[in-house]
Structures are given as C-alpha cells and as structure tokens.
Amino acid sequence: MSVTSLIKPVFMRRVKAARYNATHTEAVQRQQLAWLLSRASRTETGRRYGFDAMSSYEDFAAKVPVIEYPDMRHSVERMIQGERDILWPGATTHFAQSSGTSDGKSKYIPITADSFKLTHYRGGFDVVAHYLSLYPDSRIFDGKSFILGGSYANELTLPRGVVVGDLSANLIDRINPLVNLVRVPSKRVALMKEWNEKLPALVEASMHENITNISGVPSWFMTVIKSIIERTGADTIHDVWPNLEVFFHGGISFEPYREQYARITDPSRMRYLETYNASEGFFALQNDIDDHAMMLLLDLATFYEFIPIDQTGIPFPEALPAWKVEPGHTYALAITSCNGLWRYAIGDTVTVKSVEPLKITIAGRVKHFINAFGEELMVHNADAAIARTCHELDCSIANYTAAPVYAGDHTRGRHEWLIEFNRRPADMNQFAALLDQNLQAENSDYQAKRTDGLFLDPLTVIEARKGLFDSWLASTGKLGGQRKVPRLSNDRHFIEPMLKFNDDNNDNK
C-alpha cells in the first residue's frame, strides 16, 4: 500500500464539505461574515463601524465602504510598527509584499495568524484534496513536492520579529516542519533573494530528488525546468523526475505556456490544476479535469462581493454577494477576510461561469487592460489570442506586454506588443498579422475598431531581446519566482522603460 493511499482519507472530508457548500452558498457565506464581524468587533475598525451591532450582510454593505489599498495604507503601516487590534485582533508580524499602487508604492498585505491557518494553508490542503478526488491513482505523497517561491524584502526598516516579503516566502517560513520532510528546496534556498544565484541552487537541490508534484508560476517554473533539462542532458523533465504527475499552477494564465509544457514533459504522465492563491487569500481551485474554471472556496474565512465593472472605484457600489451573481457576467472582486481586509477591492476581475458550484475564471486586473480607443481589450483576450497564434505558427513566447500607440498626424492609433520569444516565428510580419486576426476573433470591440481600418491600424510587434523582461524586473527590484510582468496597460508607463532596455542592449551590440 502506498503512502498516498494511507493519507488520502484525511483529505476527502474537505471534498465532501465543498460539495455541501456548492448548494448552500448563501448560508455558508453569511456564516463566514458573521464570524468575521464578531471576531473583529473589538478592533479599531470594528468599533469605528459598529461591527457588534451588525446583524446582516445588508447592514454591513450599507455602513462599510469598499476600499482600495491607499485607503488602508496608514493602518497597515501602524500594524507593521507593532500596533495591535487595528484591522484584526492582536499583533500581525507577517506581511505579503504585493505589486505597487498607482502612486508607485508597494502594497503590504497583512497575513494574520488566522489567515495563515484558515485561508492559505487550508486552501493548499483543499487543492490536494480535490486533486486526489479527481485522480484516485495518484501517488503524490510517495515522493516530494517542489514549491517555487519568492523571497523576503529588505526595503523597509522593520521592528524585531516583523517580516515582509512575497506571499510564498511567508508561507514557506511558517509551514509545518513536518512538511519540510517532503518538500524541496530547503528553506535557505527557497528564500534566496538573488534570482541569478537562486536558479542554479534550485537546479542542484531538485535534480536528484523524487519529485511527484510542482507548485508555482508557469513562466518562472519553465525557466527552472529548462535549466534542469539542460544541466542533466535529458529530453524532458520526466527523464529526470519519472514520477512527476501534477503541476499546481497560478499567478498568470497558463494558456500561453500550455504547448511549451507539452514539449518539456511527457504529456501522457502530466496533469495540471489551476489555483487562485493571491496575497490577499486563497480563493478558488480547479475541481474538474475538463473544465479550467475554478470553484470558489466559500468557507475559508473570506466573504466575497462582486462589483459591476462600471461601478468600480465607488465607495458604496451596487455590489452582489456570492449568492446573487449571474453566469456570464464579469465583475471586480472585493473581499472581507481574516487578514483584516474589509470590503477590499483586490484589483482582479473575474467572470462567473456557473453558480452551483460557483465557478470563476480570472479575466484580468482592473487596471491592466487597453481601452484607449473603446476596444476594451482584457488580459484573458490577449492570452487566448497569443496562445492561438503561437500554436498556428509553431512558436512560443517567454513573456509579453502591450500598450496603445496614439494617433499621429498621418496615422491612426494602434496596439504595440513587445514580445520575448522562446522559439521565434519564421516571419514576424505574419505573426503580427495573425495575432491581430486572433484578437479580433476573441474581442468583438477590438474587431469593430479594426474593421476596414477606420479607427485602429493593425497592431505592431517588437521582438524583445533574450532576458529583457528579467532585466526590467531586476531594475524594479522584483526579479524572482512570484513576480509578474504586466500584460496590458492603458498607457505607456510600463512599456517605455522596457523599450529603452531593449534599445540600450541593441546599441551595445
């Protein structure tokens, strides 16, 4: 009998709970909110809004405004300095550093003891539980997990005992010591800050281990796997890790990388499960082999609200609780959770695919889109179009970003794409033309603006040098296993410094 078969029954209880929750969304979510309000009633925030007098979601939504990070920055800074009972009971010593806000400053999301236990670790447990339910033949615990994480930050002067860094660094630091027996790499390697030193250390730490499962961001893990294959002279990663069976992935869309993973693995032995694990909480997971939509986790000390896109930025929008959303609609997501976030707009947009169970896909970031000409291009449109283009032209990408180019005296506006290829197309002009066609197929608004060239010229593609996006991330101090390149921007704030990096390198050749 395998180790996995002995451990499996422990996990099945969570699958049973998820099935119950799927048909009791309102009851479960109202219970979560009631617990959150009761738990935080004696905090500074709880006293300000009168949590102890609130008896319903409707009362809560009428009295507490939807906020973004700048609205709570001061409270978080006080928590970092050791003040207690601000957003959540007690003192908070761990903070997840997330991407910067519009003012250029980093965000520091509190990770309370309750959120470690009730949200993040329980979410990871649920992922494994659903995987074991989907694949009864799994032997996932008969080998080791390779978890690719980030590092701690050093940009702040912190009080003793307070740590700030990537979510994954915090999770690895606080993980149950027993888990370290079946996980690689060591904590020392996992938390290394400099990627150029960390990558060879990751290769060395993992290439002789019996790895059965991997977890991380697809773009970064691809770099690690390719480095291991090159180091060992293997054809695929299964020549190195013959018992590898699943990749738990998240952070960015997997679609642009799906065919690349098929080339570096043995597809007959490889499985993939998508997760929605953000700095703010563990929200959803894929629970169906043939459906990439993710089931919302309703009982992980998080209360969800869905805001119509045209009402984002409003303190009291006509938000919908989880039991009132409609399939096919895209919303901005706001959460109330045990890390002290109260009606916090996390910046993601999600599309509801079904309601029993409540399943979503990530549509993109609220601020990561291109709508300079009324085309309303979202990240999921761009990911799907570039994946299809790469498939049709037998090429692959490492990374990309896109931004508008505004009309000149003799030109119309257009989109400009900066793309780093792993395997470049034979004809760049053909690639650009096909990508333009596929974007039109994915997005009717873009198609309308492109029709007969009346409003938009065809997009243009600039080929990025090898390693450009890593260089740019390093220049921002954000190179590492959890960092992501912004896919789309409605202005040229991101793309201009990347183009300069690209031009500077070409000038030095």
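These are my notes on a three-strand sheet and a surface patch in a predicted model.

**Sheet layout.** I looked up the strand order first. Three strands make an open sheet, ordered E2-E1-E4, with mixed pairing. E2 and E4 are the edge strands, each pairing on one side only. I noted an average turn of 30° between neighbouring strands, direction ignored.

**Packing on the sheet.** Helix H5, residues 69–80, packs on the sheet and touches E1 and E2. The direction of H5 makes about 60° with that of E2. H7 also packs on the sheet, touching E1, E2 and E4. I recorded about 155° between the direction of H7 and that of E1.

**Strand E1.** Next I checked cover along E1, residues 94–98, and found five of its five residues buried. In a regular strand, side chains alternate between the two faces of the sheet. In E1, His94, Ala96 and Ser98 point one way, while Phe95 and Gln97 point the other way.

**Partners of E1.** I then went through the pairing. E1 runs antiparallel to E2 (residues 107–111), and five bridges join them. Ala96 stands opposite Ile109, and Phe95 stands opposite Pro110. With E4 (residues 163–165), E1 pairs in the parallel sense over three bridges. Here Phe95 has Val164 opposite.

**Surface patch.** Last, I looked at the surface. Leu178, Val179, Leu181 and Val182 form a nonpolar patch there, with about 360 Å² of accessible area together. Val179 sits in the loop between H7 (167–174) and strand E5 (183–184). Is Val179 buried, exposed or partly exposed? I put it down as partly exposed, because its relative accessibility is 31%.

Definitions and conventions: Residues are numbered from 1 along each chain as its sequence is written. This is a predicted model: local features need pLDDT of at least 70, side-chain atom pairs count only at pLDDT 80 or more; totals for chains, interfaces and linings use all residues. Side-chain values use heavy atoms; hydrogens and water are left out. Buried means under 20% relative accessible area, exposed over 50%, partly exposed in between (1.4 Å probe, protein chains only). Helices (H or I, at least four residues) and strands (E, at least two) are DSSP runs, numbered from the N terminus. Two strands pair if DSSP finds at least two bridges between them. Patches are made of residues with over 30% relative accessible area and no salt bridge: like charges are joined within 9 Å, nonpolar side chains (Val, Leu, Ile, Met, Phe, Trp, Tyr) within 5 Å. Accessible areas come from the Shrake-Rupley method with a 1.4 Å probe; for residues, only the protein chains shown count as cover. A salt bridge is a side-chain nitrogen of Lys or Arg within 4 Å of a carboxyl oxygen of Asp or Glu. Axes are lines fitted to C-alpha atoms, for helices over the stretch in contact, and angles run from 0 to 180 degrees between N-to-C directions. Contact means heavy atoms within 4.5 Å.
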